[in-house]
Amino acid sequence: MSPAPDIIADQTAAIGPGRLVLVVGPSGAGKDTLLRFAKAACVENGNIVFPRRIITREASASEDNEEVSNGTFQEALARNEFAMHWQAHDHCYALPRAIDDDIRAGRTVVANVSRTVIPAMRRGYAETVVVAVTAPPNVLAERLAMRGRSSDGRIEQRLLRTVEDAAVAPDVTIVNTGNAEYHGRQLVRIIKGEKWDD
């Protein structure tokens, strides 16, 4: 399987009018923590959707995903059930095709994805907002060590992983080194299309 995302082959126009908010950043940046805060803050807003990722890795306390086997993933991929898919840390990841219906209905879809899918997502969806969550290398290393998830590879290798491409440049960057609630509120305002001036 190619690591490139799988977009609808016969799509003639970008999917809209809803927004696709892509949260990206290095392992250990705290993306899942901020997303959990944002999801809780938006729980009563039916126009904001946080789809579960489909991953060929066991779910954990820090990450709510739908765990599937490699075989099941490949079968779903062959049936064109994914809006996007990618590979990272020797696992396969995807978002369900149902997000397209949400965006066509005018909803905002928020997802944690790989930076490698950004160019295709910007082509495939009418309004895509990329939010980079990051932190200094020493903070990332400390968080990864605390996580202790050996299935994702060595910490040194993960910290060296970068994507150098102007096409994946974020629209907004959150440097997640302070209070998680503060940065979570920042993410919520971005998701809602509000300005964050602090």
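The following exercises, each with a worked solution, concern the strands, helices and aromatic pairs of a predicted model.

**Exercise 1. The five-stranded sheet**

Determine the strand order of the open sheet with five strands, and identify which strands lie at its edges.

Solution.
Step 1. The order of the five strands is β2-β7-β1-β8-β9, and their pairing is parallel.
Step 2. Strands β2 (48–49) and β9 (172–175) each pair on one side only, and they are the edge strands.
Step 3. The edge strand β9 is joined to β8 (residues 125–134) by four bridges in the parallel sense. Within this pairing, Thr 173 of β9 stands opposite Ala 132.
Step 4. Strand β8 also runs parallel to β1, with seven bridges joining the two. Here Leu 22 has Val 130 of β8 opposite to it.
Step 5. As for burial, seven of the ten residues of β8 are buried, and the strand is mostly covered.

**Exercise 2. Helices on the five-stranded sheet**

State which strands helix α7 touches, and the angle that its direction makes with that of β9.

Solution.
Step 1. Strands β8 and β9 pair in the parallel sense.
Step 2. Helix α7 (residues 180–191) packs on this sheet and touches β1, β2, β7, β8 and β9.
Step 3. The direction of α7 makes about 170° with that of β9.
Step 4. Helix α1 (residues 31–41) packs on the sheet as well, touching β1 (15–24), β7 (108–112), β8 and β9. The direction of α1 makes about 155° with that of β7.

**Exercise 3. The four-stranded sheet**

Give the strand order of the open sheet with four strands, and describe how β3 and β6 pair.

Solution.
Step 1. The order is β4-β3-β6-β5, and the pairing is mixed.
Step 2. The edges are formed by β4 (65–67) and β5 (82–88), each of which pairs on one side only.
Step 3. On average, neighbouring strands of this sheet are turned by 25° against each other, direction ignored.
Step 4. Strand β3 (residues 53–55) and strand β6 (residues 91–96) run antiparallel and are joined by two bridges. The bridge partner of Ile 54 in β6 is Ala 94.

**Exercise 4. The aromatic pairs**

Establish how many aromatic pairs the whole structure contains, and classify each as stacked or tilted.

Solution.
Step 1. A search of the whole structure yields two aromatic pairs.
Step 2. Phe 73 and Phe 82 lie 4.7 Å apart, centre to centre, with 40° between the planes, and this pair is tilted.
Step 3. Trp 86 and Tyr 93 are 5.6 Å apart, centre to centre, with 10° between the planes. This pair is stacked because planes under 30 degrees apart count as such.
Step 4. Phe 73 and Phe 82 are buried, and both Trp 86 and Tyr 93 are buried.

**Exercise 5. Accessibility of Gly 71**

Decide whether Gly 71 counts as buried, partly exposed or exposed.

Solution.
Step 1. Gly 71 is located in helix α2 (residues 70–78).
Step 2. The relative accessibility of Gly 71 is 38%.
Step 3. Buried requires under 20% and exposed over 50%, so Gly 71 counts as partly exposed.
Step 4. As to position, the C-alpha atoms of Gly 71 and Thr 56 are separated by 9.2 Å, and the two residues are 15 residues apart along the chain.

Note on methods: Residues numbered from 1 in each chain as written. Predicted model: local features only at pLDDT ≥ 70, side-chain atom pairs only at ≥ 80, totals over all residues. Heavy atoms only, no water. Pairing = 2+ DSSP bridges. Contact = heavy atoms within 4.5 Å. Axes fitted to C-alpha atoms, helices over the stretch in contact; angles between N-to-C directions. Buried < 20%, exposed > 50% of the residue type's maximum accessible area, 1.4 Å probe, protein only. Phe/Tyr/Trp six-rings, centres within 6.5 Å; stacked < 30°, edge-to-face > 60°.
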